[in-house]
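Here is a set of exercises to try with the structure open beside you. Have a go at each task before you read its solution.

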Amino acid sequence: MEPAVQHTVVIWPLILFLVAALGLVTVMLGLSYVLGGRHDNRLGNQPYESGIKPTGSARTKFSAKFYLVAIIFVLFDLEIVFIFSWAISARDLGWVGYEAFLTFLFDLTLGFAYAWKIGALDWSPRAPRQLRLDAIESNQQRNLPSEQTS
Amino acid sequence: MPIGDVLPEISVLVSAVVLLLAASFMRQQDHWRLAIGALASLFAAAVLCALQLGEPARLTFAGVWALDGASIWARLLILATTAICVALTPEWLRSDRRHGEYYAMLLLAALGAMLLAGAADLLQLVMAVLLSSVTGYTLAAYHRAWPLSVEAGMKYFLVGALTNTLLMIGVTLLFGLFGSTDYAQIAKAATGAPQIMALIGLTLVVVGVAFKLAAVPAHTWMPDVSEGAPPPAAAFLTVAPKIGAAIALARLVTIFPADVVAWRPLVATLAVATMTIGNLGALGQSDVRRLLGWSSISQSGYALMAVTAVGLNAQAIPALLFFLGAYAAANLAAFAAVTQLRGRTNLADYRGLATARPGIAAVLVVSFLSLVGIPPLGGFVGKLALFVTTIEAGYAWLAVIAVINTVVSLVYYLRVLGPVYFGDLDGPVPVLGGWAQKALYLATLLTIGLGILAEPLWSELGRVMLLP
Amino acid sequence: MNELSMVYGMGLAALLFLLGFIGVVIRRNTLFVLMCLEIMINAAGLAFIVAGARWSSPDGNTMFILIIAVAAAEAAIGLGLLLQLQKRFRTIDIDAASEMHG
C-alpha cells in the first residue's frame, strides 16, 4: 500500500470523530439557544428564583478517607492489566501460566485481606455504638494495672 | 525455571508478606515478636545465600539474574545490615500503632537492595530500584505524626520519583539503541564507534542508580532522611540500598567498552563531586544525624572510585565489597549509637557524653575512626584497598583527591568527638537499652573485627568475580 | 513500524517528558509536582512502546504495563505523604513545608 493511501485510511475515522464531536456540541448549544426560553429580568439570573440564596464556597473539604479508597481502587484496578496480558495468551501459556495466574490472584487476595483487616476499606467512620464500646474498653484498660511494659 | 537460584529472595519476600498479615492480626503490644520472625527469616535467607557461594558463577533466569561472587557477598552484607536494623527497632517503635508492619517494609526494602545486587538486565534494574525506593519512602516517613519525618519522606520521594523517571528514560534509550535490555546482549551490540546517544542513555541510568547510592547529582535526600527519618530506618537507608546500588552500578557500566561509551570519566567525575560535596556539607553541621548523612554521601564517593577501576584492575570488586562491608559496620554502629541515645541529634547535646555513657562514647569513636580509615579498624583496610586499586588502575589523581578528602573528613568527625570527651555534661542521658544495645555492640565488634580479621576475608573476596 | 510514526511517537514522548520536567522544576505545589511526575512516567512508558515497536519486541509493552503499575504504587505513596504533609504543616507547598536545611 502506498504511504499516502495508508495515511488517509488511518486518519479518516479521526476526522469523522472530530467532526461528530464538534457537531454534537454545536447542535446541543445551538438548539438550546434557539429553542430555549429567555429571562432578562434580574430575578431570573439568580441561581434560585425561589428559596434560599447560596451561601459559602463550593470548595468544601471532604474526608481524606475517600482518597484512600480511591487509591486502593486504582491499585487493584491496575492489576487487571496483568490479568489481561495473561488472558490473551492463556491457551499458549498452558497450565504453567494458569498456576502463575492463580499465584498472582492469591497475592492480590492477600493484599486485599490486609487492606480490609487494617480498616482501609471502611467507607464511613465506625458505628457510634462500636465507638462507645471501644471507649469503655480503653477506659477499662487504662484503669487496670498497666499491662504495657514501659 | 531454576527456582533454587532465587530461594533467598523468595524466602525474604514470603516472610515479608507473612509478617505484614501477622501484624494486622496481632495486638500492638505483641508486635515486637515479629522482630524475632524477621531475624529468623533473614538468617534463613543468609544461609540459603551462603549455600550459593560454592556454586560456579552464572547467569540464570534467561540472563536477567547474576549469581556471582559479587552479588552473593553483597546480598549477604545486605541481609546482615537488615538484621542489625531489625534489632535496633523494637524499643524505638514500641508505641507505634503500625509497629509490626515496619518489619515487613524493612524486609521488602532489603529485597529491593538484593535485587539491585543481582540485576543483569535493565528491566530487572528498574524493578529493583523501584522496589527499594518505594519501600524507602515509607520507611523514611514512618513517624507519621512527626513533621520532620514526613518532610524527609516527601523530599526523598520527590528526588526519588524524578530520578526513577530519568532512569526509565535512560533504559528506554538504551533499549531503543541496542534492541535488548539484557546486559550480555547489550555488550554484544555495543561495539564500534563512540555513541553519543548511548552515553546519554547510560548517564541517565547512572543518575537513577546514583539516587540509590546517594551520589551526586541525586544526593540531596540523604541529609534530610538521615535527620528526619526514625534512626533505625535511617541506619538502613544509609547502608543497605548503597551496597546493592554500588554492585549494580559496577555491573552496569562494565558492559560498555570504554571506547564506545566513555563511562570511566563520567564515574570518576561523579566520584570526585560526591566525596567533595559530601565532605563540604558535613563540615559546618551542628546536627549529628545530618552530619552522618553528609558523611554517608562522601563515603559513596569513595565507593565510586572502585567502580571507576572496575575492568582495569581485578581487585576492584573485592576492594569495593570490603569497603562497603566496613562502611556498613561503621555507619550502623554510628546510627545504633544515635538510636541508643534516643535519637538525640544536636551537637550541643553530645557534650560530656563520655562521662555519662562511656560505652556509647567509645562506640562513636570506633565508628567515626573507621569511617575516616584509621588502623586497625575495618574502614582502614577498606580504604587502603580502594586507594591501591585506584592507583594501580591508573587513576592516581582520583586517589590523591580521595586522600585529601579523607583528611578533611577527620575535622568534622573530631568536631563531634571533641565535645563528647572534653565537654561538660548537662542533664541526664537516657538510653533505649534492650535489643538496640546488643545491635550497637554487634556493629562495633564487626567494625573492629573487619580490621583485625581482614586477611582471611580478603583472600576469600579475592576470588570474587563480576558477571557478565 | 515505519520511520515517520517512530519520529512522531518519540517526539510526543519527548514533549510530554519536557512538559512534566518543567512542571516538576517550577511548581512548588506538591500536588502539581506529583501530577507532572506522572506525566513524565507516562512519557517514559510511551517511549518504551515506540522503542519496542522499533525492534518488534514485546519488551516495550511488557515494560509499559510494569511502568503503569509502578506509577500507581508511586502515586499512592506520594498522595499518602501529601496527606500527611498537609496534616502536619497545613500546607503542601514544598518550600513552605521545609524545616530542614544545610
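The exercises below concern a predicted model, and each task is followed by a worked solution.

**Exercise 1. A helix and its span**

Task: Work out what the 25 residues of helix H14 (residues 316-340) of chain B should span, and set that against the distance between its end C-alpha atoms.

Solution: Start with the rule that the expected span is 1.5 Å times one less than the number of residues. For H14(B), with its 25 residues, this gives 36 Å. Next, take the C-alpha atoms at its two ends, which are 35 Å apart, so the expected span and the model agree.

Now ask how H14(B) sits in the structure. Buried means under 20% relative accessible area. In H14(B), 25 of the 25 residues are buried, so the helix is largely enclosed by the rest of the structure. Finally, look at what follows H14(B): Arg342(B) has a positive phi, near 60°.

**Exercise 2. Two helices side by side**

Task: Decide how helix H3 (residues 69-92) of chain B runs relative to H14(B): roughly parallel or roughly antiparallel?

Solution: First find the axes, which come within 11 Å and cross at roughly 0°. Angles under 35 degrees count as roughly parallel, so H3(B) is roughly parallel to H14(B). Then list who meets whom. From H3(B), the residues include Trp73(B), Leu77(B), Ile84(B), Leu88(B) and Trp92(B). From H14(B), they include Ile317(B), Leu321(B), Leu324(B), Ala328(B) and Leu332(B).

**Exercise 3. Classify an aromatic pair**

Task: Classify the ring pair Tyr98(A) and Phe101(A) from the angle between its planes.

Solution: Over all chains, the structure holds 22 aromatic pairs. In this one, the ring centres are 6.3 Å apart and the planes are at 40°, so the pair is tilted. Under 30 degrees would count as stacked and over 60 as edge-to-face.

Next, place the pair. Both Tyr98(A) and Phe101(A) lie in helix H3 (residues 90-117) of chain A, 3 residues apart, about one turn of the helix. An α-helix has 3.6 residues a turn, so residues three or four places apart point the same way.

Last, compare exposure. Tyr98(A) has a relative accessible area of 35% and is partly exposed, whereas Phe101(A), at 14%, is buried. As background on the chain, chain A has 4 helices and 0 strands, and 8% of its 150 residues are buried.

**Exercise 4. Other aromatic neighbourhoods**

Task: Find which residues form one aromatic cluster in chain B, and which ring face Arg27(C) lies over.

Solution: The cluster consists of Tyr137(B), Tyr156(B), Phe157(B), Phe211(B) and Trp221(B). For the second part, Arg27(C) lies over the face of Phe32(C), 4.0 Å from the ring centre. Chain B offers another example: Arg144(B) lies over the face of Tyr142(B), at 5.7 Å from the ring centre.

**Exercise 5. Unusual backbone**

Task: Find where the peptide bond from Val216(B) to Pro217(B) lies, and say whether it is cis or trans.

Solution: Most residues other than glycine have a negative phi, and most peptide bonds are trans. The bond from Val216(B) to Pro217(B) is cis, with omega near 10°. Pro217(B) is in the loop between helix H8 (196-213) and helix H9 (221-228) of chain B.

Stay in that loop and look at Ala214(B). Its phi is positive, near 55°, and at 0% relative accessibility Ala214(B) is buried.

Now try two further sites in chain B. The bond from Pro375(B) to Pro376(B) is cis, with omega near 5°, and Pro376(B) lies in the loop between helix H16 (358-372) and helix H17 (378-392). Phe61(B) has a positive phi, near 50°, and lies in the loop between strand E1 (58-60) and strand E2 (65-67). At 23% relative accessibility, Phe61(B) is partly exposed.

**Exercise 6. One residue and its contacts**

Task: Is Ile94(C) buried or exposed, and which residues is it in contact with, leaving aside neighbours within four places in sequence?

Solution: Begin with position: Ile94(C) is in the segment after helix H3 (59-89) of chain C. Its relative accessibility is 9%, so Ile94(C) counts as buried. With those neighbours left aside, its contacts are Met154(B), Leu158(B), Arg28(C) and Thr30(C).

Notes: Residues numbered from 1 in each chain as written. Chains lettered and ligands numbered in written order. Predicted model: local features only at pLDDT ≥ 70, side-chain atom pairs only at ≥ 80, totals over all residues. Heavy atoms only, no water. Buried < 20%, exposed > 50% of the residue type's maximum accessible area, 1.4 Å probe, protein only. Phe/Tyr/Trp six-rings, centres within 6.5 Å; stacked < 30°, edge-to-face > 60°. Lys NZ or Arg CZ within 6 Å of the ring centre and 35° of its normal. Axes fitted to C-alpha atoms, helices over the stretch in contact; angles between N-to-C directions. Parallel < 35°, antiparallel > 145°, perpendicular 65-115°, else oblique. Contact = heavy atoms within 4.5 Å.
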